[in-house]
Amino acid sequence: MPSLVEISHVSKVYPGASAPALDDVSLCVEPGEVLGLVGPNGAGKSTLLGILLGLIPRDSGSVQIAGHDLDRERSALRRVCGLAPQELGFYPSLTVTENLAFYAGVAGLGGELRRQRMQFAIEAVHLQGYLGLRSARLSGGLKRRLNLALSLLHAPRILLLDEPTVGVDTQSRRCILQVIRDLCSQGQTVIYTSHYLDELEQICDRLAVIDQGRILREGRLADLLGEADQTLRIGLRRPPRDAQRSALVNQFGADLVFDAQGLQLRTRQPLEALDSLRAQGLELRTIQYGEGRLEDLLLRLSTAAAAP
Amino acid sequence: MTMLFALVRKELLILARDGHGLAVLFLMPAVFILIMSLALRDAMDPSAPPPTDYIWVDQDGGPQAERLAEILAGRKNLGRSISSPRHGAVPAALAGGEAHFGVQLLPGLEQGISAPGTAQRPLAIVFVAPRVPPAVRELFIGEMRGALAVIRAEYVLADELGLSPADARLMQSQLHPDSIALRETLALAGPETAPPNATQQSVPAWIVFAMFFVVLPIATSVLTERETGSLQRLSLLNIGPARLLAAKVPAYYLVNLVQAGLMLLVGVVLVPRLGGQALSLGNSPLGLLMVASGLSFAAIGFALLVAVLARSIVQATTIGGIANLLLGAIGGIMVPKMVMPEIMQTASMASPMSWALEGAWDILLRGGTTLDVLPETLALCGFGGLCYGAASLLFKPEAR
């Protein structure tokens with residue numbers, strides 16, 4: 001089966017910028033898959049989403065979504081995409097129902113179809129009890145749910161969620177994640193960006209780690225977490241001297257990262273690695289191996305990418 | 001059609017929900033019209049004396065001086081006379097706003113009247129307050145010269161022709177320009193309704209000015225939609241820029257019509273109850289509606305262009321406000337075109353406010369009909385259409 005989204009060698013440099021916002025990025029998203037885009041601020045996530053939707057022009061590369069080429073069939077391509085933007089793209093003085101009816105109307109939905117799609121969106125995000133309330137009076141979490149509902153109205157084949165839980169409390173966040181999980185279980189394809197790594201761990205099938213405009217690592221979540229599990233975290237009694245640092249970098253290369261507490265080392269032979277560290281005269285305070293989290297992997301990849 | 005209907009309905013709903021905004025849109029122009037009509041009440045009223053109060057300092061004290069004071073007191077163009085014993089106090093009194101003019105009658109008036117050609121010094125000194133307009137100053141000087149000419153004529157009739165003082169006055173009164181009858185009539189396109197008054201003159205100008213301020217809510221609406229991401233979401237639903245902008249026209253056209261209606265209502269009903277002159281709406285309600293519609297389309301088109309060009313709400317409201325002031329200044333809203341130099345009168349033709357004002361005056365002042373206002377209406381609609389077209393071309397709804 002062909003990929004639903006195919007991004008090939010896409011690059012983008014903003015006018016006046018010294019570094020590219022995107023640098024030869026290639027990605028695929030399969031039907032029914034949830035792809036998480038993760039990376040620090042300014043990594044290029046929003047630029048990539050903007051290019052996917054034709055909102056930001058790219059310098060090179062190609063984009064195809066559901067068989068539609070971005071350059072030739074932009075209107076058709078937009079019809080198959082639904083965006084829940086970071087900003088709340090609705091009208092605060094209108095009620096929940098009025099906002100839904102408005103966006104359904106401008107999406108060209110009328111009559112029974114409009115009623116059905118509105119009903120689906122309302123039920124999908126559990127907004128039944130708030131339909132007559134002006135959107136300005138909704139809580140932060142409910143606003144985020146309305147934002148999500150609006151992106152579902154025209155039954156998009158692919159849903160782009162740009163930080164959909166930003167600024168909401170834990171309960172609302174849990175609710176929104178459940179809504180997204182429910183949508184995914186119905187086969188909805190999703191591209192999801194977030195700073196909250198635990199969210200990505202919960203709902204994504206696959207992750208793409210992006211930083212400085214480049215895809216640093218891409219793979220199934222289980223594989224990436226397994227990679228994080230191979231990290232040896234060492235707390236040191238005192239920081240290593242320059243000579244010790246040089247010797248360790250020479251020995252372990254990019255697998256070694258120094259942090260505030262000591263160092264992290266990606267290795268399949270932790271015992272041999274510990275011997276090497278002790279041989280360099282380092283005084284080890286704490287030792288931890290396995291049970292790695294996505295955060296560790298992201299930190300290591302980003303640090304390595306930033307190194308000269 | 002579903003799409004456009006949804007867009008228009010949304011604009012109407014948002015406007016209807018903004019009670020404070022609507023109150024400002026409707027009440028402020030109405031209050032403005034009320035204030036301006038009352039403030040300018042006397043400016044166009046022929047029965048109201050111009051600002052010509054004067055301080056009278058009689059240093060002559062003779063019968064000719066008394067006669068001169070009597071003549072001046074009888075002139076309807078002059079205000080009240082305030083007698084003062086000291087001429088030195090006149091400049092300070094004028095600077096303090098007690099009067100507009102001062103007349104210091106010098107000793108030796110009779111001698112000066114009897115031999116005007118040999119007089120080496122003036123008969124009187126006229127002091128003029130600095131803020132008195134040139135036309136009023138000319139009027140006062142003319143009245144003074146006229147009164148002195150009457151005294152001189154009476155002297156000649158009595159002294160050189162030997163008439164008794166009573167006969168001399170009678171003869172003089174028959175020779176006075178006031179004794180010659182003239183009929184003054186208004187040049188109207190249609191049947192005469194009522195003579196134009198201050199309300200009639202000023203209300204159209206301020207209606208035109210106020211309606212152009214629709215730039216503020218329209219620009220705020222467009223830029224708020226941009227900031228909240230609504231425009232981006234709409235553009236992702238393939239709503240083109242022309243349609244997005246067109247959807248704003250019906251709602252703000254209604255706003256403009258209600259604004260104009262309220263302002264006219266204030267002129268017709270409220271101003272006369274507060275002591276001003278009532279506004280007469282002329283003989284062509286349809287013509288008035290045509291001008292108001294053309295004006296509204298021009299104002300909305302201009303507002304859309306400003307909204308598209310501006311990068312922020314602050315920028316839009318500043319640009320829109322200043323542009324309105326400039327269009328108003330050029331278009332004869334603040335300064336009547338008839339008092340402008342020729343080059344400025346020509347320049348005023350470039351302002352759509354000038355076209356709208358001419359159209360409104362066609363109906364309200366000149367008794368015109370729909371045919372008379374057709375050129376102005378078409379020009380206003382054309383201006384609005386051009387602005388809308390330019391705005392549609394420049395509008396990038398998806399841009400942040």
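1. Let me start with the meeting of the two chains: 21 residues of chain A and 21 residues of chain B take part in the contact. On the chain A side, the elements giving two or more residues are helix H2 (74-79), strand E6 (81-84) and helix H3 (96-106). Of these, H3(A) supplies the largest share of the side that touches chain B, with four residues. Sorted by class, that side of chain A holds twelve nonpolar, six polar and three charged residues.

2. Please keep in mind as you read on that this is a predicted model. For the complex, the predictor gives an ipTM of 0.74 and a pTM of 0.74. Chain B has an average pLDDT of 85, and 92% of its residues score at least 70. As a general caution, coordinates predicted with low pLDDT should not be read in detail.

3. Now to chain A as a whole. Its secondary structure comprises eleven helices and 14 strands, and its C-alpha atoms fill a box of roughly 75 × 40 × 40 Å along the principal axes. Chain A has 308 residues, of which 44% count as buried. Among the contacts in chain A with a separation of 6 or more, 71% are between residues 24 or more positions apart.

4. One residue of chain A that you may like to look up is A:Gln171, which sits in helix H6 (residues 170-185). Is A:Gln171 buried or exposed? A:Gln171 is exposed, because just 10 other C-beta atoms lie within 10 Å, and the cut-off for exposed is 12 or fewer. Between A:Gln171 and A:Leu160 there are 22 Å in space, C-alpha to C-alpha, for a distance of eleven residues in sequence.

5. In chain B, have a look at the open sheet of four strands, ordered E2-E1-E3-E4 with mixed pairing. Strand E2 (81-83) and strand E4 (124-128) of chain B are at the edges; each has a single partner strand, so one side of each has no neighbour in the sheet. On average, neighbouring strands of this sheet are turned by 20° against each other, direction ignored.

6. Still in that sheet, strand E1 (residues 54-58) of chain B runs parallel to E2(B), and three bridges join the two. Which residue in E2(B) is the bridge partner of B:Trp56? The partner is B:Ser83.

7. Finally, a helix to view together with these strands: helix H3 (residues 63-73) of chain B lies across E1, E2 and strand E3 (101-105) of chain B. With respect to E1(B), H3(B) runs at about 170°.

Conventions:
Residues numbered from 1 in each chain as written. Chains lettered and ligands numbered in written order. Predicted model: local features only at pLDDT ≥ 70, side-chain atom pairs only at ≥ 80, totals over all residues. Buried ≥ 20, exposed ≤ 12 C-beta atoms within 10 Å, placed from the backbone. Contact = placed C-beta atoms within 7 Å. Nonpolar A, V, L, I, M, F, W, Y, C, P; charged D, E, K, R; others polar. pLDDT = per-residue confidence, 0-100. Pairing = 2+ DSSP bridges. Axes fitted to C-alpha atoms, helices over the stretch in contact; angles between N-to-C directions.
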